[in-house]
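Trainee: I should like to understand the terms used for this model. Please set each value against its definition.

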Protein chains: 2
Amino acid sequence: MAAETGSRVAKTAEEDPAVADESFEGVTPDAARRLLLGAVEAFAERGFHATTTRDIAGRAGMSPAALYIHYKTKEELLFQISKVGHERSVSVLAEAAEGGGDDADRLARAVRSFVRWHAEHHTTARVVQYELAALGAEHYEEIVGLRRRSEEILRGILESGDASGEFEVADIRGTTLAVMSLCIDVARWYSPAGRRTPDQIGGLYADLVLRMVASAGPSGPARAE
Amino acid sequence: MAAETGSRVAKTAEEDPAVADESFEGVTPDAARRLLLGAVEAFAERGFHATTTRDIAGRAGMSPAALYIHYKTKEELLFQISKVGHERSVSVLAEAAEGGGDDADRLARAVRSFVRWHAEHHTTARVVQYELAALGAEHYEEIVGLRRRSEEILRGILESGDASGEFEVADIRGTTLAVMSLCIDVARWYSPAGRRTPDQIGGLYADLVLRMVASAGPSGPARAE
DNA sequence: GTCTATAACCGGATAGAC
DNA sequence: GTCTATCCGGTTATAGAC
């Protein structure tokens, strides 16, 4: 069954060998990085449990045994991917949220960047967002901590805008969750073959989110268009 | 690793034995239904590939061999779940969209019902929405057809509302996708232990979606509150 | 550090008794 | 229809040569 699945899914590395994920540039030695990249691809295409160590090692041009010199287990590979990926996405979000402008500017930039990251790195993002359940308990907790930071950044903007009257948000936690869902789910359906670029999707979503939180009054500057 | 995961996830059947999924009520014989229910739980907790036939059979109070009297393969079990689940969710959405009222009423009802379904049946919904990749090629295509119907229902409402001026939607296909994402992703994070009921989440999301499509003019009746 | 070979185990699926 | 027993292939991980 897994074999059939593979044929339906584009092989990311073939589409775009270099950019498949520059997030892992810093990883050394070379063999460890190649394994990480192979694992990202394989996990994204087939899922963690359906991926064999043979597959990962093969993509890195190695025998299965070589994998264990660099990583104790297959799960550790997933953990590294999740960790680096989450750190990247959080830092992208944080940077966008920190810049100047009013809360609408910050929110629009944050959503646009976060969405763009999930589209551009959809291979990594898919693993990072949808294979979490395969992590061991302690690793899982560590990753959940990183996720909470993303949520807090967004919630902070909504709270600030709501307090100043720039936004009108009835349920801040619920709306934060909805915005997160919107951004994250992009990784599930995005395809480079689609009609829109990552930045276009980011722009559309930023607009939709601004509408979700816009205050009704005529003063509301957040209203798009 | 899979065992550790299990301990983190609530066992749905224990929380709510009867409602775990009444979607499968009609399935006979009894043994086939029990296997289906066991498989839904197991797939939702661990994912398709991490679930063993021994686990499924065990939950149904049977030996592994008994499973093969009712289903040819483990994949067929997943297909049945996906099929019934998708049919249910599409019919919930269609029913909500068909009722009377203006397009804002129809959209609000559709989102509310669709979200409520994904929360109430989050166990089934998780399998239905996130384990699709494990299906064989033909089964996958069949399910994708059902998914398209959901999308078309929502898009139809947005198109209608946009044409009449009741809504103002710059990118209908993109916005449809965003609304779908919002609703579907509820299945990923919803927990019965959370603060909100499925209907409350549905109400919040209906409000957010109406805001996303509301026309700017003062005549816009879609503005919530 | 990487390879080949293999240990130890576990998975889906089947055979045949009841 | 269900069970016990089992086959067979695949999986993680290790040992030891190079």
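Mentor: H5(B) gives four residues, the largest share of the surface near DNA strand D. Helices here are DSSP runs (H or I, at least four residues), numbered from the N terminus. This is a predicted model, in which local features need pLDDT of at least 70 and side-chain atom pairs count only at pLDDT 80 or more, while totals for chains, interfaces and linings use all residues. Residues are numbered from 1 along each chain, chains are lettered from A, and side-chain values use heavy atoms, without hydrogens and water.

Trainee: What makes a residue near DNA strand D, and which come nearest?

Mentor: One of its heavy atoms must lie within 4 Å of the strand. Around DNA strand D there are 16 residues, of which A:Thr53, A:Arg54, B:Ser63, B:Ile69 and B:His70 come nearest.

Trainee: Why is the pair formed by A:Thr53 and a phosphate oxygen of DNA strand D called a polar contact?

Mentor: A polar contact is a pair of N or O atoms within 3.5 Å. An N or O atom in the side chain of A:Thr53 is 2.8 Å from a phosphate oxygen of the strand, so the pair qualifies. The B:His70 side chain also qualifies, at 2.8 Å, as does that of A:Lys74, at 3.2 Å.

Trainee: How many residues of this surface are charged?

Mentor: Two are charged, beside seven nonpolar and seven polar. Asp, Glu, Lys and Arg count as charged; Ala, Val, Leu, Ile, Met, Phe, Trp, Tyr, Cys and Pro as nonpolar; the others, Gly among them, as polar.

Methods:
A polar contact is a pair of N or O atoms within 3.5 Å; within protein, one must be able to donate a hydrogen and the other to accept it, and residues adjacent in sequence count only if both atoms are side-chain atoms. Helices (H or I, at least four residues) and strands (E, at least two) are DSSP runs, numbered from the N terminus.
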